[in-house]
Amino acid sequence: MGLSTPPQQSSTATLELVPIVQHTFHQPIFLTHPNDASGRLFIVEQKGKIYIFENGQLLLNPFLDISRLLSTGGERGLLGLAFHPHYPKNGRFFINYTRKLDRATIISEYHRGSNPNISDPREKTLLVIPQPYGNHNGGMIAFGPDGFLYIGLGDGGSADDPQGNGQNLNTHLGTILRIDVDGGETYVVPADNPFLKGEGLPEIW
């Protein structure tokens, strides 16, 4: 039996890149927005600052600046930002970064400040995950439609995963975690996470 080639369809559609911000960013890695009506865009720099783009203008004062806390360079730094699904009401947001003290991955919670374009500097640490090497940190965090926070972690670094973390359910490295940030002092593990009976760490999804 021969395979036929589907007919090629012509298209007149074109794409055009249009700059919206004329600014020298330092390693911008992510752009996102909260679930509000402000229309603001939040730009994450790996060097440790988050800027706001609002009404066609970049606000020069950072929304958050944690540069002093970071181990940066290569694949380290400020690596993730996620706004709580109810951010307009509770002002909560979460970040993923590598800590200057020991290069550990930190998952932290912050709050919007009295000025909605400047965050409260107080930090609440949810998770501290040791990193054996300086690369393969992962970094993406996002809320799912279930309202839980998902955290993507790399295998811990070096080359070819020498510690076997990617196949080890007893380390957070090389996994996606799923936590409920609306329960407990910091978080609770959702009741339907797959490893609650001891086969692996309960946060692993």
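**Entry 1: Thr 175**

I take a polar contact to be a pair of N or O atoms within 3.5 Å, where, within protein, one must be able to donate a hydrogen and the other to accept it. I worked on a predicted model throughout. With that criterion in hand, I looked up the side chain of Thr 175 and found one of its polar atoms 2.5 Å from the backbone oxygen of His 172.

I then located Thr 175 in the chain: the residue sits in the loop that runs between β10 (149–153) and β11 (176–179). Is Thr 175 buried or exposed? Its relative accessibility is 10%, and because buried means under 20%, I recorded Thr 175 as buried.

Which residues does Thr 175 contact once neighbours within four places in sequence are set aside? I listed Ile 151, Gly 152, Leu 153 and Ile 204.

**Entry 2: aromatic pairs**

I searched the whole structure for aromatic pairs and obtained nine. I examined Phe 42 and Phe 63, whose ring centres lie 5.0 Å apart with the planes at 80 degrees, so I entered the pair as edge-to-face. Phe 42 belongs to strand β2 (residues 41–45) and Phe 63 to strand β4 (residues 57–65), so the pair ties together parts 21 residues apart in sequence. I noted both Phe 42 and Phe 63 as buried.

I next took Tyr 150 and Trp 205, with ring centres 6.2 Å apart and planes at 85 degrees; this pair is therefore edge-to-face. Tyr 150 is in strand β10, while Trp 205 is in the segment after β11, so the pair ties together parts 55 residues apart in sequence. For Trp 205 I read a relative accessible area of 42%, which means that this residue is partly exposed.

I also recorded one aromatic cluster, formed by Phe 42, Phe 63, Phe 83, Tyr 87, Phe 93 and Tyr 110.

**Entry 3: the chain as a whole**

I counted one helix and 11 strands in the protein chain. Where does the helix fall in the order of elements? I read the pattern as β-β-β-β-β-α-β-β-β-β-β-β.

The C-alpha trace spans about 70 × 55 × 35 Å along its principal axes. Of the 205 residues, 42% are buried. I looked up contacts between residues at least 6 apart in sequence, and 47% of these join residues at least 24 apart.

For the surface, I noted about 11,600 Å² exposed by the protein chain, with 53% of it supplied by carbon and sulfur atoms. I closed with the charges: there are 15 positive and 20 negative side chains, and the centres of the two sets are 7 Å apart.

Note on methods. Residues numbered from 1 in each chain as written. Heavy atoms only, no water. Helix = DSSP H or I, 4+ residues; strand = E, 2+ residues; numbered from the N terminus. Buried < 20%, exposed > 50% of the residue type's maximum accessible area, 1.4 Å probe, protein only. Contact = heavy atoms within 4.5 Å. Areas by Shrake-Rupley, 256 points an atom, 1.4 Å probe, with all protein chains shown as cover. Lys, Arg positive; Asp, Glu negative; His and termini not counted. Charge placed at Lys NZ, Arg CZ, Asp CG, Glu CD. Phe/Tyr/Trp six-rings, centres within 6.5 Å; stacked < 30°, edge-to-face > 60°.
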